[in-house]
Amino acid sequence: MEQLLALTAVALAILLPVLYDGIERKTKAILQSRVGPPLHQSLLDLGKLLSKEPVEFPSYPLVFYTTVLSIILEFAVILVLNIAVLGINTSLLMPVAIALVTVAQTANISMPLLVSNPYSQIGGMREVMLALVNEFSLVAGLALFYYYTVSQHPSSIMGWVIAMPLIILVTTATYVLSGRVPFDIAEAEVELASGVLIELSGRVLALYLYSIYLKRYVSSMLAAVVVFTLMPLNPLTRFILVNVSIPFIWILYSITSVMLGRSRIDLAPGTLFKVYIVLLTISITGLLVIK
Amino acid sequence: MHSQTLLDRYIQLAGKLGGKHLVEGDMVHLYIPRENLVKAASTLFNEYRLTHRTCVAIDERPLNGFFTLTHIFTDDSSRLYVLVKTYLEGDNPVAPSIVGEVPAADWCELEAMDLLGIQFEGRRRERLVLPPYWPDGVYPLRKEFSYDQRLNLHAVSEKIEQAVETGVPVPIGPYHPALHEPEYFELYVEGERILDVKYRGFHVHRGIEKLAESRMTYQQVNFLAERICGICGFEHSTCYALAVEKAAKLDVPERAQFIRSIVLEVERLHSHLLWLGVAFHTLGYDAGFMHMWRIREKVMELAEALTGSRKTYGINMVGGVRRDINEEKRKKTIEVLNELEKEFSKIIDVAISVPQVKKRLTGTGVLPKEWAVKLGVEGPVARASGVDRDARRDLPYAAYKHASFKVPVYTEGDNMARALVRVDEVKESMSIIIQLLDAIPRGPIMLDKYEISEGRIGVQVVEAPRGGDIHYVLTGKGKPYRWRVRAPTYNNIPALRIMLRDQSLADAPLTIASIDPCFSCTDRIMVIRENGRVERISFNRGVPL
Amino acid sequence: MSKLLKPVKLVVIAGEAGRVTRKYPFEEPLVTPDFRGKIEINASKCIGCGACVNACPPNALQLIEDKEKLVLRYFIGRCIFCWRCIDVCPTGAIKGTREFELATDDISDLYTHVVHSRKACASCGNTYATEKIIRYVAEHASLSEEYLDKCPDCRKRNFIKALSRRRSGFE
């Protein structure tokens, strides 16, 4: 039964990220006083791109398969997270999910470096720098959180207070992971002519954009999982709440991104590093105190 | 008025260097023999601290057998134009270069070299305006070259020599998806730090000056001038009309001058709002871009109500304007401006407080004051580096003497200062328009009869949204004999080399955008037509044109 | 704290402004009454004088002549909608409209021709001005029929003949 539910969630996750991206564009348009594209626009865009012949470049096959690999890995993350939330083998599957997130992100950031275009290389390097700060902190935060919930079984107000810095850490880290303004410095800068996006076209561009939507889905899902794991719920309710709250977290992230400008590669990692170190120190101190 | 002592020093200078002088209105013509040109330029620029605006080379062989070279300076503190003219002999004229003393004269000398074939001694030679495969010995602005002459050219790939040994070249342009106009910057970077930058421009040179001399009449050139630029067109046509009126000594009705000033300020509003939107977009803050252009739409509608067209207003003529502002339009303008002011303050308040916008604008793209003076930069770029210069106050034209306004000057010289100068200017413009609308006199808007005699010179500087724009007109029969335009961005681009050095690569587009480049104003190239089609010149194929 | 939350005021600004996108072409375009669109030439008022051709900056208006007729051609493709032609037309034959939706896939749609017939000279038979221009001049200036009926060359010849006759008594 649970397996069926998990598979349904994964099946829905094939098209939902594209729809949520359409909703994000509409929200952005409303905040900018425009009408904006219809909700299914992202789907139409992907469809049109898939029908076009790509302009190939030297490392094209490698890039194509890396993108496909990252999509498969993201789906694996979604599947494992859903099964874990449903309560099956949670203690085994949560670390697996965290590890899969890291592997998926590695595939994501290696892709721009495989394209032999100077803009793409510069963009890829910037993304690597940002990922170095962000991924480690995300994994550390998730691991600490998992340890906290599994070993301490928190359920009181005190539990929430201790977990608060971790929640802030995971929320910020997943926001950075989702590659939105102010942290889209790899692919959206003007002088880079959009970094990796300049070289891709046709089918491979459609797959790349789809992998970005999936990445955003995973990042919203991680935030939802962390928030709802703290609450004492039965697994089925938690499963439904997690999946239903993903679009709301998505919209919240998109509203935040509209109000900010793009950061710079020498400013962003430094600021993030300081913030994460502070949050991690506070949470580790809190956990030790509890013990 | 100009004090006698100041005029005297120019007259004495001419006498000392063996030349002659002529004072006409606010123009002081000094005729200096070739050998003393550098000394004259150096005295005027370094000792008297005049502003070098541009130089004009003219083929006057049909008139008097000589080529001439005129350097135009302005004395901002006493409202004078000082024109230093030399006569050059022969069909391959040689002139002394003043680049050593006046670095601001670099580009205009290169342009005279390219288009008229005047050799300058003692300076480096490179192609600026014409493509590198243009044949030697063919000079488009000479009188024997007809404007519709076709050449058989083969385009070849151009290589820019690397300026420094190390550094990875990152090209921006010429056909960049994020740029609005063609320009080519080659940034040499090491990691994220820019070491040097090379610029190759003039992709949109259209041969406007040649066209005006060949087949247009005085009134038709107004419309041609308006199309030099899509954003600041009206000030070009105003500057041309004022230059011709000064040359022909026409007495334009006051009401027309007021209308010109009001529309000039409306244009400044729209241009600065556009720039602010583009700057926010470059920083990734798209919401600021959308809202800024939303309120700019109100200015465009206002312009359409006042002049008949959202851009390329087409109301300027030599001798006045073609459209009047009646009572209803006057009231509507004041209403629109009041609304605009409130909305603008709200949006700027929010936009400047976004942390990324503040952090990325401050401290980047710094232009120190001595370089600003040496290179003769114009407009908000100069005012943000501490140079207090504004042609509306220093060399008043049209109706600006009837309005009182502040000129914002900041000293930091970074991108934030340039942005703040423009924000302040928007507020000042709105106040100027309301003052002028209150004080506008009654009367005609166009001269009934006028006559333009031949052989007269008119020079005028107009403060465009990007800086001081200068037009020089030498009148001929029914059409100008020579028309020279020097747009403000022309002087601002060489300053980019200083601003981009040692900056982070991520700030490059923002710095380039912060001088508010208007490449259509800067270039003015010959489009070679083949069978009526326009052939696109690509740099990497040998294609017969 | 309020300084940090200033960017959130964007929501207030967007809320007050609403949605400003104009759903053109499914809605009327925003064109003020003063907008300059294309021109329309009233063929019955036009006299074929060519003043508009002289004034037109991009040469959108051209005169094409042959023995029997004079054609005024207006090509919208070159027009810059400056309305200088309207300013200088002596009979007010050109009218300005607010039309700007002129795109078409057939370029001959963009040409308008006004054809005038030329008058043949009474003495030598060459054609010179258009009939309409002669009628216009006849209405506005006091010149005799004989004078207007002839082409400029014949008029010159007649004038010199008349001069020499007066001087010497006979031809």
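## A tour from the strands of chain C to the helices of chains A and B

Begin in chain C of this predicted model by selecting C:Thr127, which lies in strand E6(C) and is the bridge partner of C:Ala120. Extend the selection to the whole of E6(C), residues 127–130, together with E5(C): the two strands pair in the antiparallel sense over two bridges. Between E5(C) and E6(C), which form a hairpin, there are six residues. In the turn, select C:Gly125, whose phi is positive, at about 85°.

Next, keep E5(C), residues 111–120, in view and add strand E3(C), residues 69–75. E3(C) and E5(C) pair over seven bridges, again in the antiparallel sense. To inspect one position in this pairing, select C:Val71, which stands opposite C:Val115 in E5(C).

Now display chains B and C together. Their contact involves 19 residues of chain B and 16 residues of chain C. On the side of chain B that touches chain C, select helices H6 (218–226), H9 (286–307) and H10 (327–352), each of which supplies at least two residues. H9(B) provides the largest share, with six residues. Colouring this side of chain B by residue class gives eight nonpolar, six polar and five charged residues.

Remain in chain B and isolate H6(B). Is this helix mostly covered or mostly uncovered? H6(B) is mostly covered, with nine of its nine residues buried. The buried residues of H6(B) include B:Tyr218, B:Phe223 and B:Leu224, and among them are also B:Gln219, B:Gln220, B:Asn222 and B:Glu226. To see what covers these buried residues, add helix H5 (208–215) and helix H7 (233–248) of chain B, which are among the covering elements. Strand E11 (316–317) and strand E15 (480–486) of chain B also belong to that cover.

Finally, move to chain A and select helix H1(A), residues 2–31, with helix H7(A), residues 202–229. At what angle do these two helices pack? The angle is about 95°, and the axes are 9 Å apart; H1(A) is therefore roughly perpendicular to H7(A). From H1(A), the contact is made by A:Ala13, A:Pro17, A:Val18 and A:Asp21. From H7(A), show A:Tyr213, A:Leu214, A:Arg216 and A:Tyr217, which complete the contact. By class, the residues of this contact comprise six nonpolar and two charged, with no polar residue.

Notes:
Residues are numbered from 1 along each chain as its sequence is written. Chains are lettered from A and ligands numbered from 1 in the order in which they are written. This is a predicted model: local features need pLDDT of at least 70, side-chain atom pairs count only at pLDDT 80 or more; totals for chains, interfaces and linings use all residues. Axes are lines fitted to C-alpha atoms, for helices over the stretch in contact, and angles run from 0 to 180 degrees between N-to-C directions. Helices (H or I, at least four residues) and strands (E, at least two) are DSSP runs, numbered from the N terminus. Angles under 35 degrees count as roughly parallel, over 145 as roughly antiparallel, 65 to 115 as roughly perpendicular and the rest as oblique. Two residues are in contact if their C-beta atoms, placed from the backbone, lie within 7 Å. Ala, Val, Leu, Ile, Met, Phe, Trp, Tyr, Cys and Pro count as nonpolar, Asp, Glu, Lys and Arg as charged, and the others, Gly among them, as polar. Two strands pair if DSSP finds at least two bridges between them. A residue is buried if 20 or more other C-beta atoms lie within 10 Å of its own, exposed if 12 or fewer, and partly exposed in between; C-beta atoms are placed from the backbone.
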